[in-house]
Amino acid sequence: MTVTVTRRQTCRLCNSRNVERVVELAPIPLSENYSLDRTQAANAPRFPVDVYMCADCGHVQQLDVIDAKILWDSYTYYSGSAKGMPEHFRQVADKAILTAKPPAGGLVIDIGSNDGSLLKPFKEAGYRVLGVDPAVDAAQRANDAGIPTITSLMTRDLARQIREEHGPAHIICAFNVFAHADDLGEMADCVRIMLAPGGLFFFEAQYLLDIVDGLLIATLFHEHLSHHSVKPLVRFLDSHGLELIAAERAPIQHGSLIGTVQLKGAQRPVENSVRQLLALEAERRLDKLDTLRAFDTKVKLLRERTSELVAKWKAEGATVAGYGAARSGPTLIIQLGLSGSIDFIVDDHPQKVGKFASGDGTLVLPTSELMSRMPDYTVILAWVHSKKIIESNQDYLAKGGRFVVLCPETRVVGKDGDIKI
């Protein structure tokens, strides 16, 4: 597999060349890259994930862009299998219908629809639905489940074709994908092309303020090209004929931003939620270079603290496992100094079990192996689900096992709770 990487020279939102590196990270391999060959996995090429800020509009982003076809064609994440996601999507759909008030039988489009989990509640409520996603297996799952899905990246030509064949959309969603596109201008134009007068566009992405406050280093990998905040988005959407009218913080993924957008000049007023988050971001200096440089310093301190733990484990001769062959795994292992310390990873994903993860070439085993092998420490790589993983594995703790949580701070958890380190 030949991977193409392009170094972007301008800000993704305002096209300014005044972008500066604010977080320096080690290159990492592609996260969704599992091999039957340990040597091949261990020698997988690594690519930059440094974080940059636009000194003009304040947008925080990655400029090293992996070819989208490489990233998404063989994508193995399925929304319907992610803990808590179907329930979250059902709540989102209920609220979107209440807010947008689409006509009976109106069209709902989901950009980056994955396995159709977000469109399912809209369909059950009687609306026409259409998904667009480049991941072959995920799109096939959606079609098999009765959610019509086009297997493709979203482009202006496709948007015009959809409008011509299906009519305008009354609701458009882009959940956990609005941070993933290099050409966000094209995605915004697609929304403007497909959206009906009076229709609404809803998007969800990790919120920059939560990344900074929670030291969420695990979210910094190749797929996440943008780390959104409200201020630069307002200006960006306006330049594409759109208007942000509501902005809500949500706890999903440890801190997300849900935006509601209408066509510029449509009738709905801008809600206080937008003004309140703009004020909060100004108070927290979220558009300033020194704020992100302070984040970089905290990441380096977290790395030092975790590296000390690894040295202690090696001195003890301890066995160490990873829990979850997650997309955040390579970032956590490499950025926090865990390389070479994890003996095996447990996960039940059928496309990962029995294969080797890129990076250290670590074997992925079923989660049942956790109790069979009883590693002394288990580092939670699927960091978003740390609480549920610990709650679901009390037997492991009762037998003396210990979980290690890395975000937002390094914690070791035993049967009686946190252990002093």
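## Two sheets and what packs on them

Analyst: Let's start with a single bridge: isoleucine 345 is partnered by valine 364 in S18. Keep in mind that the model is a predicted one.

User: What makes strand S16 and strand S18 a pair, and in which sense do they run?

Analyst: A pair needs at least two bridges. Strand S16 (residues 344–346) and strand S18 (residues 362–365) are joined by two and run parallel, so they count as paired.

User: Which sheet holds S16 and S18, and how are its strands ordered?

Analyst: It's an open sheet of nine strands with mixed pairing, running S3-S17-S18-S16-S15-S19-S20-S21-S22.

User: Why are strand S3 and strand S22 called edge strands?

Analyst: Strand S3 (34–35) and strand S22 (417–419) each pair on one side only.

User: How do you know that S19 pairs with S15, and what about S20?

Analyst: Count the bridges against the minimum of two. S15 and S19 run parallel and have four, while S19 and S20, again in the parallel sense, have three. Valine 379 shows both sides: glycine 322 stands opposite it, and in S20 its bridge partner is valine 404.

User: Which residues of S19 point one way and which the other, and are they buried or exposed?

Analyst: Tyr377 and Val379 go one way, Thr378 and Ile380 the other, and all are buried. That fits the usual pattern, since side chains in a regular strand alternate between the two faces of the sheet.

User: What packs on this sheet, and which strands does it touch?

Analyst: Helix H11 (residues 289–316) does, touching strand S15 (320–323), strand S19 (377–380), strand S20 (402–405) and strand S21 (411–414). The direction of H11 makes about 155 degrees with that of S19. Over 145 counts as roughly antiparallel, so that's the word for H11 against S19.

User: Now the seven-stranded sheet: what is its order, and why do strand S9 and strand S13 count as edges?

Analyst: The order is S9-S8-S7-S10-S11-S14-S13, open and mixed in its pairing. Strand S9 (149–151) and strand S13 (242–250) have a single partner strand each, so one side of each has no neighbour in the sheet. From one strand to the next, the twist averages 15 degrees.

User: How do you know that the pairing in this sheet is mixed?

Analyst: Look at who runs which way. S7 and S10 pair in the parallel sense over three bridges, and S10 and S11 are parallel over six. Strand S11 (residues 195–206) and strand S14 (residues 256–263), though, are antiparallel over six bridges. Both senses occur, hence the mixed label. Some individual partners: valine 108 with isoleucine 171 in S10, phenylalanine 175 opposite glutamate 204 in S11, and phenylalanine 202 with threonine 260 in S14.

User: What makes you say S10 is mostly covered?

Analyst: Six of the seven residues in S10 are buried.

User: Why is arginine 128 called partly exposed?

Analyst: Buried is under 20% and exposed is over 50%. Arginine 128 has 38% relative accessibility, so it falls in between. This residue lies in strand S8 and, beyond its sequence neighbours, touches Gly105, Gly106, Leu107, Val108 and His166.

User: How close does the side chain of arginine 128 come to the backbone oxygen of glycine 105?

Analyst: It reaches that oxygen at 2.9 Å. The limit for a polar contact is 3.5 Å, so this one is inside it.

User: Is serine 229 buried or exposed, and how do you know?

Analyst: Buried: the relative accessible area of serine 229 is 3%, and the cut-off is under 20%. Serine 229 sits in the loop between strand S12 (226–227) and H9. Leaving out neighbours within four places in sequence, its contacts are Tyr207, Leu208, Glu281 and Leu286.

User: At what angle do helix H9 and helix H10 cross, and what is that arrangement called?

Analyst: The axes of helix H9 (residues 230–239) and helix H10 (residues 272–283) come within 9 Å and cross at roughly 125 degrees. That makes H9 oblique to H10, as the angle is neither 65 to 115 nor over 145. On the H9 side the contact involves Val230, Lys231 and Val234, and on the H10 side Val274, Leu277, Leu278 and Glu281. By class, that's five nonpolar, no polar and two charged residues.

Key: Residues are numbered from 1 along each chain as its sequence is written. This is a predicted model: local features need pLDDT of at least 70, side-chain atom pairs count only at pLDDT 80 or more; totals for chains, interfaces and linings use all residues. Side-chain values use heavy atoms; hydrogens and water are left out. Axes are lines fitted to C-alpha atoms, for helices over the stretch in contact, and angles run from 0 to 180 degrees between N-to-C directions. Angles under 35 degrees count as roughly parallel, over 145 as roughly antiparallel, 65 to 115 as roughly perpendicular and the rest as oblique. Contact means heavy atoms within 4.5 Å. Ala, Val, Leu, Ile, Met, Phe, Trp, Tyr, Cys and Pro count as nonpolar, Asp, Glu, Lys and Arg as charged, and the others, Gly among them, as polar. Buried means under 20% relative accessible area, exposed over 50%, partly exposed in between (1.4 Å probe, protein chains only). A polar contact is a pair of N or O atoms within 3.5 Å; within protein, one must be able to donate a hydrogen and the other to accept it, and residues adjacent in sequence count only if both atoms are side-chain atoms.
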